[in-house]
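Colleague: I would like to go through this model with you, one question at a time. Please give the reasoning before each answer.

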Amino acid sequence: MTKKALITGITGQDGSYLAEFLLNKGYEVHGIKRRSSSLNTSRIDHLYQDPHASNRNLFLHYGDLSDTSNLTRIINDVRPDEVYNLGAQSHVAVSFEAPEYTADVDAIGTLRLLEAIRFLGLEKTTRFYQASTSELYGLVQEIPQKETTPFHPRSPYAVAKLYAYWIAVNYREAYGMYACNGILFNHESPRRGETFVTRKITRGLSNIAQGLEQCLYMGNMDSLRDWGHAKDYVRMQWMMLQQDNPQDYVIATGKQYSVRQFIEKSAAYLGITLRFEGNGVDEQAIVEHVEGDLAPALKAGDVIVRVDPRYFRPAEVETLLGDPSKAHQDLGWLPEITLEEMIDEMMAHDLDQARRHALLKEHGFDVALQVES
Ligand code: NDP
Ligand code: GDR
């Protein structure tokens with residue numbers, strides 16, 4: 001029998017990689033996408049199947065985590081073997097601006113899904129994965145953080161995710177549901193949203209190298225994170241639902257770098273070395289040396305990164321470092337993609353985009369038409 005999976009957040013970074021992964025495993029994949037005024041499916045367009053084609057195995061349903069009847073109807077129609085709840089207002093800084101919406105979608109949205117599964121009598125057959133987060137640790141109580149480390153959330157996003165974490169545990173204990181939490185540390189890729197710090201850096205530096213922008217404005221560059229690759233992490237999301245008993249797992253690399261180090265490594269891809277001067281709100285990064293031809297717009301002495309306090313958060317999570325030993329011991333999971341490989345992939349992608357824009361800007365569309373003819 002073909003297994004059916006339902007993914008909330010299929011149009012997001014993780015949802016797109018998970019959909020690919022499950023389709024490769026032979027699953028019938030159903031995804032919930034939101035109605036928006038412009039198209040929001042660019043991450044999964046390569047998976048799109050014509051609704052008229054036979055043998056389809058990818059189906060998209062309009063829906064929203066704030067809409068109980070809609071979620072209940074979709075689950076009733078699909079009757080999924082596995083539900084992956086990846087949908088969320090996932091930006092920590094934005095959650096300070098939209099705390100109530102974040103709580104509705106990230107916390108109560110999770111409850112709505114669990115309740116729909118139970119209400120439809122599927123609690124013994126449908127397995128549930130909850131996208132929990134290292135942000136739960138917030139003001140960290142122990143280094144590195146593992147499954148038993150106490151939580152201290154530091155943002156409306158993290159507090160909403162704390163509710164979601166515990167309601168998944170509660171449905172497991174109260175109703176015997178196969179529900180589990182993946183406590184995932186930051187994971188990135190070329191598909192990462194453009195306003196998260198890693199993508200902001202790889203995209204910003206690529207644009208600056210090609211003369212499309214002058215300077216990258218950053219928040220707290222001392223912040224320390226444990227960054228992995230999204231492809232490695234979605235594999236573990238699936239593995240967590242294939243066990244005899246549901247359990248919660250930390251997924252991380254066990255290595256930590258600062259935002260400043262991420263900038264240095266990304267700049268190195270372009271052949272640029274940087275000198276950081278000042279600290280706090282005065283800090284800036286100055287080009288020391290340019291090698292090769294990947295950054296034609298830059299020369300020594302250019303200031304390409306400055307701190308802008310508007311990106312500081314009302315409460316910051318200064319340091320996160322995960323201990324993924326339980327995932328390794330129980331499931332044999334280890335990350336396969338290194339930070340350097342991931343930065344290379346992100347830089348190659350964003351530099352390619354920047355070059356295209358720079359070429360079009362310089363020569364106009366007419367040149368492209370001439371080449372075509
Ligand atoms: P993204 O922000 O890339 O994707 C979020 C997805 O949720 C998008 O498909 C988005 O739709 C959808 N969504 C947002 N609001 C709603 C809503 N009201 N109803 C239905 N769907 C909605 O996140 P990631 O892929 O990076 O992360 C996936 C999950 O994992 C999230 O829950 C996130 O909080 C969590 N997480 C992420 C980590 C990371 O480092 N990436 C680490 C730990 C946890 P649209 O495309 O229309 O915006
Ligand atoms: P985070 O990711 O808040 O950890 O949440 P983000 O990339 O936004 O920030 C990481 C760290 O970098 C600092 N920072 C900046 N961040 C952004 N976005 N923009 C800046 O200009 C900037 N300058 C410095 C931040 O202050 C922070 O310390 C991500 C999301 O994917 C969550 O959904 C997920 O739960 C967690 O990772 C684990």
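Colleague: Over how many bridges do β2 and β3 pair?

Modeller: This is a predicted model, and the pairing is read from it. Strands of a sheet pair through backbone hydrogen bonds, either parallel or antiparallel. For β2 and β3 the sense is parallel, and the number of bridges is five.

Colleague: Which residue in β3 does H30 stand opposite?

Modeller: β2 covers residues 28-33 and β3 covers residues 58-62. The partner of H30 is therefore to be looked for in β3, and a strand pairing counts when there are at least two bridges. The residue opposite H30 is F59.

Colleague: Which strands are the edge strands of the open sheet of seven strands?

Modeller: The order of the strands is β3-β2-β1-β4-β5-β6-β11, with parallel pairing. An edge strand pairs on one side only. That leaves the two ends of the order, β3 and β11.

Colleague: By how many degrees are neighbouring strands of this sheet turned against each other on average?

Modeller: The sheet is an open one of seven strands. The turn is taken between neighbouring strands, with direction ignored. The average is 20 degrees.

Colleague: What angle does helix α1 make with β2?

Modeller: Helix α1 spans residues 13-24 and lies across β1, β2, β3 and β4. Another helix, α2, packs on the sheet and touches β1, β2 and β3, at about 160 degrees to β1. For α1 against β2 the angle is about 165 degrees.

Colleague: Is N55 buried or exposed?

Modeller: N55 is found in the loop between β2 and β3, and its phi is near 60 degrees, a positive value in a residue other than glycine. Within 10 Å it has 5 other C-beta atoms. A residue with 12 or fewer counts as exposed, so N55 is exposed.

Colleague: How does R79 count, with 13 C-beta neighbours inside 10 Å?

Modeller: R79 lies in the loop between α2 and β4. Its phi is also positive, near 50 degrees. Buried needs 20 or more neighbours and exposed needs 12 or fewer, so with 13 R79 is partly exposed.

Colleague: Is R199 buried or exposed?

Modeller: R199 has its place in helix α6, residues 197-209. Leaving aside neighbours within four places in sequence, its contacts are E188, R192, G193, E194 and M346. With 20 other C-beta atoms within 10 Å, it reaches the cut-off of 20 or more, so R199 is buried.

Colleague: How far apart in space are R199 and D350?

Modeller: In sequence, 151 residues separate R199 and D350. The distance in space is taken from C-alpha to C-alpha. It comes to 8.6 Å.

Colleague: Which peptide bond is cis, with omega near -10 degrees?

Modeller: One residue of this bond, P144, is found in the loop between β5 and α5. The bond runs to P144 from I143. The cis bond is I143 to P144.

Colleague: Which helix gives the most to the shell around ligand 1?

Modeller: Ligand 1 is surrounded by 26 residues, the closest being G9, G12, G87, A88 and A131. By class they divide into seven nonpolar, 16 polar and three charged. The greatest share, three residues, comes from α1.

Colleague: How many charged residues has the shell around ligand 2?

Modeller: The shell around ligand 2 holds 22 residues, the closest being V92, T133, V197, G219 and S223. Helices α3 and α6 each supply at least two of them. By class there are nine nonpolar and eight polar residues, and the charged ones number five.

Definitions and conventions
Residues are numbered from 1 along each chain as its sequence is written. Chains are lettered from A and ligands numbered from 1 in the order in which they are written. This is a predicted model: local features need pLDDT of at least 70, side-chain atom pairs count only at pLDDT 80 or more; totals for chains, interfaces and linings use all residues. Helices (H or I, at least four residues) and strands (E, at least two) are DSSP runs, numbered from the N terminus. Two residues are in contact if their C-beta atoms, placed from the backbone, lie within 7 Å. Axes are lines fitted to C-alpha atoms, for helices over the stretch in contact, and angles run from 0 to 180 degrees between N-to-C directions. A residue is near a molecule or strand if its C-beta atom, placed from the backbone, lies within 6 Å of it. Ala, Val, Leu, Ile, Met, Phe, Trp, Tyr, Cys and Pro count as nonpolar, Asp, Glu, Lys and Arg as charged, and the others, Gly among them, as polar.
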